[in-house]
Amino acid sequence: MIRTLLATARPPFLVLTLSVILMAGALAHYDQADFSIGLFVLVLLGALAAHASVNMLNEAYDARSGLDDLTQRTAFSGGSGALQHNPARINQVEALGLGLLGFVIALGLYFIWLTGWGLLPIGLIGVGVVVAYTPAITRSPWLCLIAPGLGFGPLMVMGAYYVLTGSYSCIAFALSLIPFFLVNNLLLLNQYPDLEPDRQVGRRNLLIAFGKKVGARVFLVFLAAAFLTLAFLVISDCLPYWALLGGLMLIVAVPLAIKLMRSYQAPSLAPSLLAWNVVINLAMPALIGLGLLIA
């Protein structure tokens, strides 16, 4: 049972949360001298719990709908497969996912008590995204496109920044657009291998609604937007030049974009494309955070 529960939380994917929270925490540290390591650890735990919760609820829902029985699993898409090997544990997975969400809500209430009611709107939207993502949001092309980035971008970065500093910041919001664009792309590209199974169970994402060509073009726009946002923040002196460490991911992004435009109509994308996309998502926020800490 423990192995199944851990697998449905998709531990390797949780590294994305670590990278994004590192970036948010580094910005908070860069903006103020009074930085609490203990509070940062609590923020990280809450973000990890939220991410694990949505993963587990997604796994349980996809197992009930039969989607995971139809998909060809890859290292990056198609679910963990844990409930296909142990379907009797679906209720426990769902219960733990809801339990983690309860922990996130309780921790959020503590943060509100600690820092003020300004955190409440982000908390409410975040809980709504976790609960509604698989059963509802995946049936709306544009909501399905932006919901992942909303969760890991503005909600996670702004929420963490507010808890750590007690205020919001235009710079923090602008910086949150980088994971917004990147994580939207992460889920968008991962939908290519699952296109037909998603269609069969009633999902209606961007690829199903508008086709692979539109999906590839949106991917390129979002990828460019992430790097242009970073460049703008540095050029306008909102961030130090050290933050351009994140720009090193252009080494991966450019060949990824070129290869995607050449192969998006293929029956299946090369696994290397999905892998490169993951590398950009994990490394770019972490490198920006490292640059902020060095500065």
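What radius of gyration would a compact globule of 295 residues have, and what does the protein chain have? The rule puts such a globule near 19 Å, and the protein chain comes in at 19 Å, so the two agree. Keep in mind that this is a predicted model.

## The overall build

If you like helices, you're in luck: the protein chain has 14 helices and 0 strands. Walk along the sequence and you meet α at every step of the pattern, α-α-α-α-α-α-α-α-α-α-α-α-α-α. Along the principal axes, the C-alpha atoms take up a box of roughly 50 × 45 × 30 Å.

Of the 295 residues, 51% are buried. Take the contacts with a separation of 6 or more, and 76% of them join residues 24 or more positions apart.

## Surface and charge

The protein chain shows about 13,000 Å² of accessible surface, and carbon and sulfur atoms own 71% of that. As for charge, there are 14 positive and 11 negative ones, and their mean positions sit 11 Å apart.

## Helix 6 and its cover

Helix 6 runs through residues 90-115, which makes 26 residues. From first C-alpha to last, helix 6 reaches 37 Å, close to the 38 Å expected at 1.5 Å a residue. Right after helix 6 comes Gly 116, with a positive phi near 120°.

Which residues of helix 6 are buried? They are Ile 90, Val 93, Gly 97, Leu 101, Val 104, Leu 107, Gly 108, Phe 111 and Ile 112. An α-helix has 3.6 residues a turn, so residues three or four places apart point the same way. The cover over the buried residues of helix 6 includes helix 1 (2-8), helix 3 (37-65), helix 5 (82-85), helix 7 (120-132) and helix 8 (141-165).

## Two loop residues with positive phi

Most residues other than glycine have a negative phi. Arg 10 goes the other way, with phi near 55°. You'll find Arg 10 in the loop between helix 1 and helix 2 (15-31). Is Arg 10 buried or exposed? Its relative accessibility is 13%, so Arg 10 counts as buried, the cut-off being under 20%.

Asp 237 also has a positive phi, near 65°. This residue belongs to the loop between helix 12 (212-235) and helix 13 (250-263). Here the relative accessible area is 63%, so Asp 237 is exposed, the cut-off being over 50%.

## Tyr 192, tucked into a loop

Tyr 192 lies in the loop between helix 9 (170-190) and helix 10 (195-200). Its relative accessible area is 5%, so Tyr 192 is buried. What is Tyr 192 in contact with, leaving aside neighbours within four places in sequence? The list is Leu 207, Lys 212, Gly 215, Ala 216, Tyr 264 and Leu 269.

For a sense of distance, try Tyr 192 and Pro 179: they are 13 residues apart in sequence, and their C-alpha atoms are 20 Å apart in space.

## Asn 277 in helix 14

Asn 277 is part of helix 14, which covers residues 271-294. With a relative accessibility of 1%, Asn 277 counts as buried. Not counting residues up to four places away in sequence, Asn 277 touches Asn 185, Leu 186, Leu 189, Phe 219 and Leu 256.

Terms used. Residues are numbered from 1 along each chain as its sequence is written. This is a predicted model: local features need pLDDT of at least 70, side-chain atom pairs count only at pLDDT 80 or more; totals for chains, interfaces and linings use all residues. Side-chain values use heavy atoms; hydrogens and water are left out. Helices (H or I, at least four residues) and strands (E, at least two) are DSSP runs, numbered from the N terminus. The radius of gyration is taken over C-alpha atoms; the globule rule is 2.2 Å times the number of residues to the power 0.38. Buried means under 20% relative accessible area, exposed over 50%, partly exposed in between (1.4 Å probe, protein chains only). Contact means heavy atoms within 4.5 Å. Accessible areas come from the Shrake-Rupley method with a 1.4 Å probe; for residues, only the protein chains shown count as cover. Lys and Arg count as positive and Asp and Glu as negative; His and the chain ends are not counted. The place of a charge is taken as NZ of Lys, CZ of Arg, CG of Asp or CD of Glu. The expected span of a helix is 1.5 Å times one less than its number of residues.
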